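Q: Could you take a close look at one part of this model for me and then work outward from there? I'd like to know how that part sits in the rest of the chain.

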Amino acid sequence: MTGRRHTHSSLVGPAPQRCWYPVAAAADVGRSLQRIEALGQDIVLFRTLDGAVAALEDCCAHRPYPLSLGRLSADAVVCGLCGFEYGSTGHCLGVPTQDRIPAGASVRSFIVREQHGTVWLWFGERANQRPSALPKLGWLDATGWNTVSGARTVAANYLLLHESFADVTKIAVLAPDIAPYVLRTTPPPLDVVVTETTVSLERRYPPTQLPAWQAEALGVDDTALFVHEQQGHFRSPAVWVDHWDVVAADEAPSRLRFSHFVTPVDERTTRLGWWISRDFATDTNITSRRLIDMFTPYYNSLGAALERSQLLLDRRDRHEVNVSADVAALRVREIVRAMLSEEGLDRSAP
Ligand code: FES
């Protein structure tokens with residue numbers, strides 16, 4: 001489809017560094033040292049006295065010892081082995097045994113933002129780089145929306161997750177119990193729009209009945225017919241968003257947003273955070289509970305399936321076959337490959 005033959009192993013590789021990645025819930029980061037792993041790096045998070053989040057490489061410059069095992073003293077991290085102190089920018093501020101601070105006594109610090117209740121780190125180098133804009137997902141904070149969420153660690157490469165998000169028709173096969181009726185029909189043609197860094201896909205399904213939970217939440221008869229409008233958006237290697245709107249004649253759409261936060265821990269492990277937002281039945285816990293009860297097992301099944309794929313990828317390689325439903329996934333690969341190439345990390349480059 002793309003003029004380039006792919007093998008299964010082209011799915012496994014590093015993640016681009018010049019990108020914002022979600023690493024922790026903002027509420028979980030406070031006045032203590034919190035160790036995390038992301039993009040193969042050990043990182044320690046904490047809040048300074050003014051409430052800002054700081055993120056440092058979790059390894060002392062003196063000896064290989066985790067700073068997260070030390071303690072906070074005001075805005076400084078004190079190494080727990082022999083007491084070097086580091087400020088929130090990673091520069092060494094003091095050494096217990098001498099007045100002079102040794103040359104090179106600093107650890108890497110990361111650019112941090114807080115958005116949508118989440119701490120995001122920029123993994124690109126600080127020098128000569130302006131971080132790109134953080135993906136905006138307004139429905140996660142806006143009034144008039146209700147959001148439920150969950151998280152799972154998946155023992156698979158982050159691109160396997162994006163590939164699965166890029167084709168919602170898989171849901172009818174993987175999870176027929178929760179797939180809406182419309183996904184059991186032959187999908188209409190897909191419109192795919194590609195920019196330098198994003199992929200968007202769109203489909204409009206003819207009027208079809210709603211699943212029982214949604215008909216109940218909307219207070220309509222489950223034989224009523226609704227147009228279904230589906231969009232998928234690869235916003236970055238860290239974020240995939242699905243829109244799922246249902247529209248009855250002459251009415252405003254009832255909107256669902258599925259936000260997927262994708263954090264590569266290493267090349268074979270990914271942290272997935274999923275957020276399901278709706279702008280209908282926002283004041284009922286029954287709908288929230290239904291969504292959690294449906295989608296927690298779904299994301300667990302998806303994770304388990306991708307882990308099986310990763311196991312096979314690790315054992316064998318072969319040329320793959322692609323179909324029209326794979327077009328968005330292949331575009332995502334091309335964007336990621338271009339990002340990696342720009343950073344000198346594309347292993348498939350000749
Ligand atoms: S290992 Fe951290 S100060 Fe020595």
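A: Let's start right at the end of a helix: just after α5, G344 takes a positive phi of about 75°. Keep in mind that this is a predicted model.

Now for α5 itself. Its 16 residues, at 1.5 Å a residue, should span 22 Å, and the end C-alpha atoms lie 23 Å apart, which agrees. Plenty of this helix is tucked away: the buried residues are A328, A329, R331, V332, R333, I335, V336, R337, M339 and L340. So what covers them? The cover includes α1, β12 (191-194), β13 (199-209) and β14 (225-236).

Helix α1 deserves a stop of its own. Eight of its eight residues are buried, so α1 is largely enclosed by the rest of the structure. Going along it, you have Y158, L159, L160, L161, H162, E163, S164 and F165.

Both helices lead us to the nonpolar interior. In soluble globular proteins, nonpolar side chains tend to be buried together. Here the largest nonpolar core has 67 residues, and Y21, L45, L56, L121 and L161 touch the most other members. Our starting helix, α5 (residues 327-342), supplies the largest share of this core, with seven residues. The core also draws at least three residues from each of domain 1 (29-123) and domain 2 (137-342).

Take L121 as an example of those well-connected members. Setting aside neighbours within four places in sequence, L121 is in contact with Y21, V23, A38, A55, F110 and V112.

How do the two domains meet? The chain is divided into domain 1 (29-123) and domain 2 (137-342), and 36 Å separate their centres, taken over C-alpha atoms. Six residues from domain 1 and eight residues from domain 2 make up the contact. On the domain 1 side, two of the residues are nonpolar, three are polar and one is charged.

Another helix to look at is α4 (residues 285-315). With 31 residues at 1.5 Å a residue, α4 should span 45 Å; the end C-alpha atoms are 45 Å apart, which agrees. Its buried residues are T287, L291, L302, L306 and Q310. They pack against β11 (146-154), α1 (158-165), α2 (171-174), α3 (212-218) and β17 (269-278). So α1 turns up again: it is listed among the packing partners of α4, and it is part of what covers α5.

Now over to some strands. Strand β4 (residues 53-57) is mostly covered, with four of its five residues buried. It pairs with β3 (residues 41-47) in the antiparallel sense over five bridges, and I43 stands opposite E57 in β4. Five residues sit between the strands of this hairpin, where G51 takes a positive phi near 95°.

Last stop: an open sheet of four strands, in the order β5-β6-β7-β8, with antiparallel pairing. β5 (71-73) and β8 (92-94) stand at the edges, each with a single partner strand, so one side of each has no neighbour in the sheet. Inside that order, β6 (residues 76-78) and β7 (residues 85-86) pair in the antiparallel sense over two bridges, and V78 stands opposite E85 in β7.

Methods. Residues numbered from 1 in each chain as written. Predicted model: local features only at pLDDT ≥ 70, side-chain atom pairs only at ≥ 80, totals over all residues. Pairing = 2+ DSSP bridges. Core = buried A, V, L, I, M, F, W, Y, C linked by C-beta atoms within 7 Å. Buried ≥ 20, exposed ≤ 12 C-beta atoms within 10 Å, placed from the backbone. Domains from an automatic or database assignment. Contact = placed C-beta atoms within 7 Å. Nonpolar A, V, L, I, M, F, W, Y, C, P; charged D, E, K, R; others polar. Expected span 1.5 Å × (residues − 1).
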